[in-house]
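Load the model, set the display to cartoon, and keep the selection box handy. This tour goes stop by stop, telling you what to pick and what you will find there.

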Amino acid sequence: MSVLVLVEHDGKNVRDPTLPAVTAAAKLGEVHALVAGSNVGPVGDEAAKIAGVSKVLVADAAHLDHELAEEIAPVAAKLMDGYDAFVVPATTTGKNIAPRVAALLDVMQVSDVLSVEGPDTFTRPIYAGNAIATVKSNDSKKVLTVRTTAFDKAARDGGSASVEKVDAGQPAGLSTFVGLEASESERPELTSAGVIVSGGRAFGSSEDFHKLLDPLADKLGAAVGASRAAVDAGYAPNDYQVGQTGKIVAPNVYIAIGISGAIQHLAGMKDSKVIVAINKDEEAPIFQVADIGLVGDLFKIVPELTEKL
Amino acid sequence: MKLLVAVKRVIDFNVKPRVKMDGSGVDLANVKMSMNPFDEIAVEEAIRLKEKGVATEIVAVSIGPAKAQETLRTALAMGADRAILVQTDAEVEPLAVAKILARIADEEKPDIIVLGKQAIDDDNNATGQMLAALLGWPQGTFASKVEAEGGKLKVTREVDGGLETEELNIPAIVTTDLRLNEPRYASLPNIMKAKSKPLATKTPDDLGVDIKRRLETVKVSEPPKRQAGIKVGSVDELVDKLKALGVAK
């Protein structure tokens, strides 16, 4: 089977979520990688070094800048003539593009793949991860988005793939990129961090959220996450959200502070290796999944913890 | 402008889903069902666009069993003008839903179609993007802000790195994220009024769409369960545990 992986990049470098997608794709067959963008020659060269990739296709044109789904999807769909499967990391970029490619191919996508059980059989979470479905795709081609925490990262080096330019197509001209308001942070990225400290509504204000959590995160070299309630209340920006509809994380240690543990939140973090919960309500559902729990007032515990670490 | 809003009847978000003993799926017998929360946000956004004078008519569409009429009545009570139910007892996949909606779009000729970004039952996050592909329209997915300006649609999107803004030609697809708006509750008079708003019923066959599933469910199982661990009594004990895990020195 031949598989095409869409490389996620920022215009300069291959982004991390590409690597587990390559691992998942390698379980299906020979892996080629598609780099689509504007002036992405260096990204193509970097992708060629990923272990397990045997060929890199580079579609380079101004209209492919910013990974607009309307522009990338037709390019990918056309290339799929020569492939059996299209594999994309289940990031916001991948989730935006993959279904558009699938529909162009008249294929039903398999979303958020957790494991590859066979050439056409996969497991995926449904109902916020409260059930795992094993599905068999009867389409002749497969389109998969891959949960990045469910597969090991392919090595960034060790490969020596050939690089080939491919037709970048004509601009669709349906949409224009206006801007990105990026969250600036010196901390590790949420989806690849080894340790995450995550805060909930119990912090009561944006000020306390940051005043208490940021120093703790800095002490631990951790990323900062948040529950939906905390994001909705404006304590933290949207890209901090961990959960069913936010980011899916699986760090070595996840420290949930003032988070009660709604099923939608648990869906995003219950695959963490160790879960630590700090909550004043000892009946909070978060304690049912926590390996280590501490019942008490976060306004006292967090500063003390930060100081003693 | 005319707006089409797609709504799905799903398990209520407060209900904890239970996997059936025989592994055939999730038990939905006698379970509270509601409008998919993201679709409520979609209906609310359509109503706000109408209130701002951007839109003149809102048509709500649902694909599902006869009981999905209740979901459509909710949309009508919130403020949609009329509704279409594409009735089927089959479980319809996003690709087939997108095909049905594309046929309805051919008939209704909306300027904007608003959908929830994902349904909280199958969690696919695919229908809006697929519909956009089938219609050849632009897609503003995971929207946290929607503004109509100078014949275009400016959509701010919740992406992994922050907030991205795109400008879309109209007609366009918008899929909603959580923070786009806070949906209103329908008032009692509006619930009463909704009962007399038009609701048309069709079938996938009427629209000439094949809804045969492409993905076969082999089985549905419970996820591996986490066991509750220990509780520590003090910050000092917690610090010791964290040190033992190697995350603190």
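Start by selecting A:V3 and A:A85: A:V3 stands opposite A:A85 in β4(A). Strand β1 (residues 2-6) of chain A and β4(A) pair in the parallel sense over three bridges; strands count as paired if DSSP finds at least two bridges between them. Helices (H or I, at least four residues) and strands (E, at least two) are DSSP runs, numbered from the N terminus. Two notes before you go on: this is a predicted model, in which local features need pLDDT of at least 70 and side-chain atom pairs count only at pLDDT 80 or more, while totals for chains, interfaces and linings use all residues. Residues are numbered from 1 along each chain as its sequence is written, and chains are lettered from A and ligands numbered from 1 in the order in which they are written.

**Strand β4 and its other neighbour**

Now show all of β4, residues 85-89 of chain A. Five of its five residues are buried, so β4(A) is largely enclosed by the rest of the structure. Here a residue is buried if 20 or more other C-beta atoms lie within 10 Å of its own, exposed if 12 or fewer, and partly exposed in between, with C-beta atoms placed from the backbone. Turn the strand to look at its two faces: A:A85, A:V87 and A:P89 are on one side and A:F86 and A:V88 on the other, all of them buried.

Which strand does β4(A) join over five bridges? Select residues 142-146 of chain A: this is β9(A), and the two run parallel. Two pairs are good to label here: A:F86 has A:V143 as its bridge partner, and A:V88 stands opposite A:T145. In β9(A), five of five residues are buried. A:K142, A:L144 and A:V146 point one way, and A:V143 and A:T145 the other.

Add residues 110-113 of chain A to bring in β5, which runs parallel to β9(A) and is joined to it by two bridges. A:V110 has A:L144 as its bridge partner.

**A helix and a glycine**

Next, pick helix α3 of chain A, residues 69-79. Eight of its 11 residues are buried, so the helix is largely enclosed by the rest of the structure. Among the buried ones are A:E70 and A:E71, along with A:I72 and A:V75.

Then jump to A:G268, in helix α7 (residues 263-269) of chain A. Is A:G268 buried or exposed? A:G268 is buried, with 27 other C-beta atoms within 10 Å. Draw a distance to A:G246, 22 residues apart along the chain, and you should read 7.3 Å between the C-alpha atoms. Leaving aside neighbours within four places in sequence, the contacts of A:G268 include A:V242, A:G243 and A:I248; a contact means C-beta atoms, placed from the backbone, within 7 Å.

**Where the chains meet**

Colour by chain and look at the interface: 68 residues of chain A are in contact with 66 residues of chain B. The chain A side has 35 nonpolar, 19 polar and 14 charged residues. In this count, Ala, Val, Leu, Ile, Met, Phe, Trp, Tyr, Cys and Pro are nonpolar, Asp, Glu, Lys and Arg are charged, and the others, Gly among them, are polar.

For strand pairing across the chains, select β11 (residues 175-182) of chain A and β9 (residues 162-169) of chain B, which run antiparallel and are joined by seven bridges. Label A:F177, which stands opposite B:E166.

An open sheet of six strands also includes both chains, in the order β13(A)-β12(A)-β14(A)-β15(A)-β16(A)-β13(B), with parallel pairing. Its edge strands are β13 (223-226) of chain A and β13 (230-232) of chain B. Within chain A, β15 (residues 274-279) and β16 (residues 292-295) share four bridges, and A:I278 stands opposite A:L294.

**Last stop: the core**

Finally, select A:V5, A:L34, A:V87, B:V5 and B:A60, which touch the most other members of the largest nonpolar core, a set of 195 residues. Such a core consists of buried Ala, Val, Leu, Ile, Met, Phe, Trp, Tyr and Cys residues joined through C-beta atoms within 7 Å. Its largest share, eight residues, comes from helix α3 (residues 94-108) of chain B. Around B:A60, contacts include B:V5, B:V7 and B:L72, again leaving aside neighbours within four places in sequence.

Methods:
Contact = placed C-beta atoms within 7 Å.
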